[in-house]
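Got the viewer open? Let's take a short walk through this model, one selection at a time.

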Amino acid sequence: MSAKAITEATGKDILNRHLNQHGAGAAACRFATVNAETDWSKLSVDHPWLLTTPLVVKPDQLIKRRGKLGLIGVKKSFEQVKQWIGERLNKDQKIGNAVGKLRNFIIEPFVPHTEAEEMYVCIYSHRSADTILFYHLGGVDIGDVDAKAVKLEVPVDSTLSLADVKTTLLKAITDASKKERIAKFIYALYATFADLYFTYLEINPLVVTADNLYILDLAAKLDSTADFICRPKWGEIDYPPPFGRDAYPEEAYIADLDAKSGASLKLTILNRNGRIWTMVAGGGASVIYSDTICDLGGATELANYGEYSGAPSEQQTYEYAKTILNLMTSSPKHPDGKVLITGGGIANFTNVAATFQGIITALREFQPKLVEHNVSIFVRRAGPNYQEGLRRMRDFGGTLGIPLHVFGPETHMTAICGMALGKRPIPQVASVEFSTANFLLPGGQQAQADLKAASEAEGLGSALRSTTAQSIKLPPISADESDGLATNNHQQQSKSNGSNLNFNRKFFSNTTKAIVWGMQQRAVQSMLDFDFICRRDEPSVVAMVYPFTGDHKQKYYWGHKEILIPVYKKMSDAIHKHKEVDVMVNFASLRSAYDSTLEVLEFPQIRTVAIIAEGIPENMTRKLIIEANKKGVAIIGPATVGGVKPGCFKIGNTGGMLDNILHSKLYRPGSVAYVSRSGGMSNELNNIISKATDGVIEGIAIGGDRYPGSTFMDHILRYQSDPETKLIVLLGEVGGTEEYDVCAAVKDGRITKPLVAWCIGTCASMFTSEVQFGHAGSCANSDRETATAKNKALRDAGAYVPDSFDTLGELIHHVYGELVKTGRIVPREEVPPPTVPMDYSWARELGLIRKPASFMTSICDERGQELIYAGMPISEVLNKDVGIGGVISLLWFQRCLPPYVCKFFEMCLMVTADHGPAVSGAHNTIVCARAGKDLVSSVVSGLLTIGDRFGGALDGSARQFSEAYDTNLHPMEFVNKMRKEGKLILGIGHRVKSINNPDVRVKIIKEFVMENFPQCPLLKYALEVEKITTTKKPNLILNVDGVIATAFVDMLRNSGSFTSEEAQEYINVGAINSLFVLGRSIGFIGHYMDQKRLKQGLYRHPWDDISYVIPEQYN
């Protein structure tokens, strides 16, 4: 939703900060807000005028006509206000059909005035202009303001003048001084309205006294999509729910998820204790599911409205599903059990398998509660990778312990609603699609055979469909008139709308060439694959524009071969080098879509622009529409998936994956053209129309925003002018009035072709409080904008309107049948499309192929939503505070080792971190750093010196001591054996330290191991060896290498975490040296940073420290 209502207090706060900057000359609004948590004594301190002024008090919860309802207290003292609020706070209040509790109030000073000083001002935005209403008599008894008020239209992208205000709006104001003050106020109010992206602002009354102007009562809406522009001016905005529906923390949580995601996540709780819960994918689909549930008598039991769409990740879907399941299972049990409808249309680009995995994870987590609440689950979904998603859901359903019924695109989208509510039988065998593109899926052959046998036995589908069809009474179709009959009417309407669009122009053909703005590789490849199966001679995408890189080329597939498509940094370069382009597909973000579209409108060769982004501020969209109309450019969108011209061209991700394009026969033209708001539902229409008729000839999703760039009529008139289009389908929705233009065109003969129409959102009238559906524009602001009123108007005008969306396909089929019967459509013979090789990554995800992995890993997995160390999510690693030692235990040893072992690791790292600049590793690092080398090169030069002579003695020491101990050699025998073989005992000896000057590091580690390790036989053995070696020479002590090595072996053998084979394997692979390598890297980095900090120059070794031994010259 874009236009969102704000509280009166929020609106007045915004006006207080900005209105008088434009010269309004109005008094600042003084007010105080009250709720159940208010500290009255503190409130009176913060607002001392509360104790000295007569007061007005009223609830501030988006309630209209508070005066008429007796919800305003006037001229009361502070104590009386406290009593007035106390009598109403948290008490039920019925307003219309809605019942809610009064929780928020606003208190203001009473402004003494006469009725003659009350006036009415309102500003609201619509597609082509902003309308200012003014009436010189305001107040609670104003009556029908639309009929009484004077109107002034301010066209989009134009300015308001004081003269216009005076001459048009203020004719009834005779006092010149008063007129001047009011004119300046209205002028400033409009400037604030436009500057701060208000969509609605009503003041009633505006009190104009002899010395000031006062805003007494205010209602306002903001364009919430402009938050990224206006937040510094707005501040933090809290959008309250409509009266009669409480704000739930779960709704706020999903709204927060939505704000942080590129996907769309919506949740509205309608009835906390309802038994029918929905989890629907797609903005349009979510409305249709709610419609169908209400049509089937489930309105009072419908618990929620919501949707997830826009390719949410597995984790986001899990969070969404978990929230709904928690709500569902935390409310009281229902005697009839509960149902969860997990539905959706045919997705264009959302990976169904990934989102279903998130839902499955949530279902698994709530499984006991779902059983306890006797929940039945009904699933219907299709789109990219839906086969794998449905397979996973079916397999999981067998383990869930509750009924879980799964269906795909072979089942009508809303059929599961009837099944869930017991109004329709549940098929024992679902008619599942077992192929994707031209490939048969795993297990498909046997499953298809079983399905065919079951279907023949039970006679599924056909009998039911024919029975239903007989109940549809089809009005006779009028004789076909010439296809160009309405051309002049079209052009006349175009001019009257201020548009230069030519409705006779075909937007797309099989030679259409496009530029794509944005690095949308998947969408571009999808367009090229579509081109190929449509047997186009050349790709439709000739270039891409991406301003964040330099000019380069991107590789794509054209059928079996690879091609290169240029990517330009500048739009002008792309346009000038590709003169054949006339379409731009704009994938720019909501922040940059406006500027990038304005830029492309400067090039006359571009005739059509598709804007994909959702959430573009309405003021920007309206300006784009004006500019595009001036230049005769058609805009599809914003907030759209695009459109498709079967056999010719498709926009971006429209139509989804190749399997859906093939199943919906979009590779060749049919006879039916459709226009829809919803992108997701356009794909569902492709499916419905392909099954009910000979297929689609063109389909456009104009977008879900309040002001789409092109309207239903723009496209329907194009279809009317196209001789190949025989049947038109319109899928409208609640909100707006564009469908009434269609009604008028059907009545006056501008539309003569059969029109099948349905407006979604019929459920809105059954809800007791206002519900904003998934699309920004799907909210009725009057009875005329309801879906029910529109459907009736379309039916009365002569369009073919079904009883519900459930029967839309059947009605289309029968109208099509009449057209075939009368010879107006002659079905053509099917031509099989060429095969397109499936991408390797997609084929593998579908399970069609397998390939040996190039690498194997068993310690870390970064593929999911959360990094995993040896099976432990990173969040758990951090929350459990396992430390560096714990991370080492996970990544090096694939298990959580005891705390004392982790502490031992950390001690080893600390004592081995550095041993001064003179040792070979540190020396090398310093020399490299002073030579200007980078960090990695310098540290690596130091690490390369580690070996048996420097630091690398740990593994060797561990092997020597453990072999001696394991062969039961007495320490003296071990010393004598090594001396006899002429080998040094690794881990024994120190250059500086001795028995009389012990190494503190060794002492600390030795004492820790002795105290904390369960057993340490090898360390004790090494200490016995030390007693023997120090009698020979006092510096032959057990050094750091020796104590770490022997303690490490004791840990491996005696901690209880490793088998003897595992322990020996770690010794053999050199795991013990790893502690020295990791620890000493810390020191090497320190030396590198130290040299850089000290700005040391290139190192050159002094001559006097070099002994030059040169051979005598040969004589």
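Start by selecting Val57, which stands opposite Gly73 in β4. Before moving on, note that this is a predicted model, where local features need pLDDT of at least 70, side-chain atom pairs count only at pLDDT 80 or more, and totals for chains, interfaces and linings use all residues. Residues are numbered from 1 along each chain as its sequence is written, and side-chain values use heavy atoms, with hydrogens and water left out.

Now widen the selection to β3, residues 55–59, which pairs with β4 in the antiparallel sense over two bridges. (Strands pair if DSSP finds at least two bridges between them; strands are DSSP runs of E, at least two residues, and helices are runs of H or I, at least four, numbered from the N terminus.)

Next, show the whole open sheet: four strands in the order β2-β7-β3-β4, with antiparallel pairing. β2 (32–34) and β4 (73–76) are at the edges with a single partner strand each, so one side of each has no neighbour in the sheet.

Add helix α1, residues 8–18: α1 lies across β2, β3 and β7 (105–109), at about 45° to β7. Then add α3 (78–88), which lies across β2, β3, β4 and β7 and runs at about 15° to β3. Contact here means heavy atoms within 4.5 Å; axes are lines fitted to C-alpha atoms, for helices over the stretch in contact, and angles run from 0 to 180 degrees between N-to-C directions.

Last stop: jump to Leu935, in helix α33. Is Leu935 buried or exposed? Leu935 counts as partly exposed, at 34% relative accessibility (buried is under 20% relative accessible area, exposed over 50%, partly exposed in between, with a 1.4 Å probe and protein chains only).
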